[in-house]
Amino acid sequence: MHTETLYQQLAGHYLKAIDAGTLRSGDRMPSLRVMMERHGVSLSTALNACRQLEQSGHLEARPRSGYFVRSLRRSGLAPSTEPSQQLPDPAQYVGIHERVSAIIAQGQQRPVAVNLAGACGAPALYPSEALKQGVLRALRQRPDLFGHAGPSTPNGEPAFRAAMARQALVSRIKLSPDEIIVTHGCIEALNLALRAVTQPGDVVAVESPTFFGLLQILESLGLKALEIPCSPQTGISLEALELAAQTYRDIKALVVVPNLQNPLGSTMPDANKAALVAWCAARQIPLIEDDTYSALSDSEAPQAALKAWDQDGNVIHCASLHKILAPGMRLGWIAAGRWQARVEMLKYAQSRSTEVLGQIAVADYLDSGAFERHLRRLRASLRSQREQVAEAVAHYFPAGTRLNLPNGGLALWVEMPGQRSSEALFHAALKEGIRIAPGLMFSNSNRFNAYLRISCGMPYTRELELALRRLAALVAALPEQQT
């Protein structure tokens, strides 16, 4: 018995033909009318099948000509290499706040024509007009809003917290609004979580590679990062984590991004998520979850959060709307489990309550039912943009380049051949008006200097394609390093 819809079955039929070479690059697909007659389906079914293949990058629509098979050059690229199961290098304890800050500062000082370093979508991808109308309604309904010192409750606007509790159900998390503390983005949530469970000098386990902003937080709090190898396919290595715990018995916390990890784009299988939550609970190691990207997954079923398996409050869940709804608002939240009271007081001491106007506008937008429609459009746009950037990397970058095409998200993690230096590429590209995120930003060691993170948040324009071609030429010109 088929569980797929009719159009998915039809798309699968033609996908097999493409994979087998029966339909080759440049071949014209049967017209919609021919598909209707040949397969006995409706126009809607035929059209949806073609659109699904177009969204997956296998077809392209040409005006007044129909659908044609695309050349998927990226299929010739090998996946990024898996991490070796080894003990963390002592160099990982060396603070890199200065190095990361220097790269960020240099990138900001020089004007660029194309920014491939960010991890955010283009402004047109977000519902700015709808949110603006929500802000105006809030001000009309509450004209004295700016005269009040904060929300009616210290942890955030009740309507917003209720909306976030409902949204958490999508990730299989059951929370009451009272368990949610509104923060200034996920960055403040992570700061609060780490301050709640650690003291300066403590060791915190993190994924390797990991988001450079987390490394900056650890440095600023006087904490030491213990890097655990992370697979581009399945996320943090549970075997390496166990080995690290046997060697370093003073791990005070673990921070992970289980869904669409930054920068790899990996998603942990549910079995791994459950095992990780149980492992941390058994060892009383607080597990801090950064759930910034899961709503950008292409999977039909929503991605479950680690918090869904939490039985004793050992998981601190941090989330944000920054990437998925409103980059300019920087609205985030934290559910701190058994550290709830401590985090509430730390939030009060650190920054008091979060600005209210954005919370009201977002709650109003979420209640309108428009959020799911927005997410579908956003995911479709990002999927197309990732496909096109991956195609450009496969076409223009030197032979031996590796990458994985993640199942969602905003970026690609690219491995350059010959151990070429991403630091050297960063400086060379900046002179050409192109900003990238070099791999050495994502670790305390130089292990990822041959990698770079490329943003896929912007529309694929001629200017972007030319920038990728120029970047590829700069990669080819870099000297290969001895391994």
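Which residue in S16 is the bridge partner of Ala 437? It is Arg 453, and I will start from that pair.

What we have is a predicted model, in which local features need pLDDT of at least 70 and side-chain atom pairs count only at pLDDT 80 or more, while totals for chains, interfaces and linings use all residues. Residues are numbered from 1 along each chain as its sequence is written, and side-chain values use heavy atoms, with hydrogens and water left out.

Strand S15 is joined to strand S16, residues 451-455, by 2 bridges, and the two run antiparallel; strands here are DSSP E runs of at least two residues and helices are H or I runs of at least four, numbered from the N terminus, and two strands pair if DSSP finds at least two bridges between them. Both belong to an open sheet of 4 strands, ordered S12-S13-S16-S15 with antiparallel pairing. Because S12 (402-403) and S15 (437-438) stand at the edges with a single partner strand each, one side of each is left without a neighbour in the sheet.

Arg 453 also appears at the second largest pocket, where, with Ala 119, Phe 211, Phe 212 and Lys 323, it lies nearest the centre among 38 lining residues. A pocket is, on a 1 Å grid over the protein atoms alone, an open set of points where a 1.4 Å probe fits, with protein on both sides within 12 Å along at least five of seven lines, and lining residues have an atom within 4 Å of a point. H7 gives the largest share of that lining, 5 residues.

In the largest pocket, by contrast, H13 gives the most to the lining, with 7 residues.
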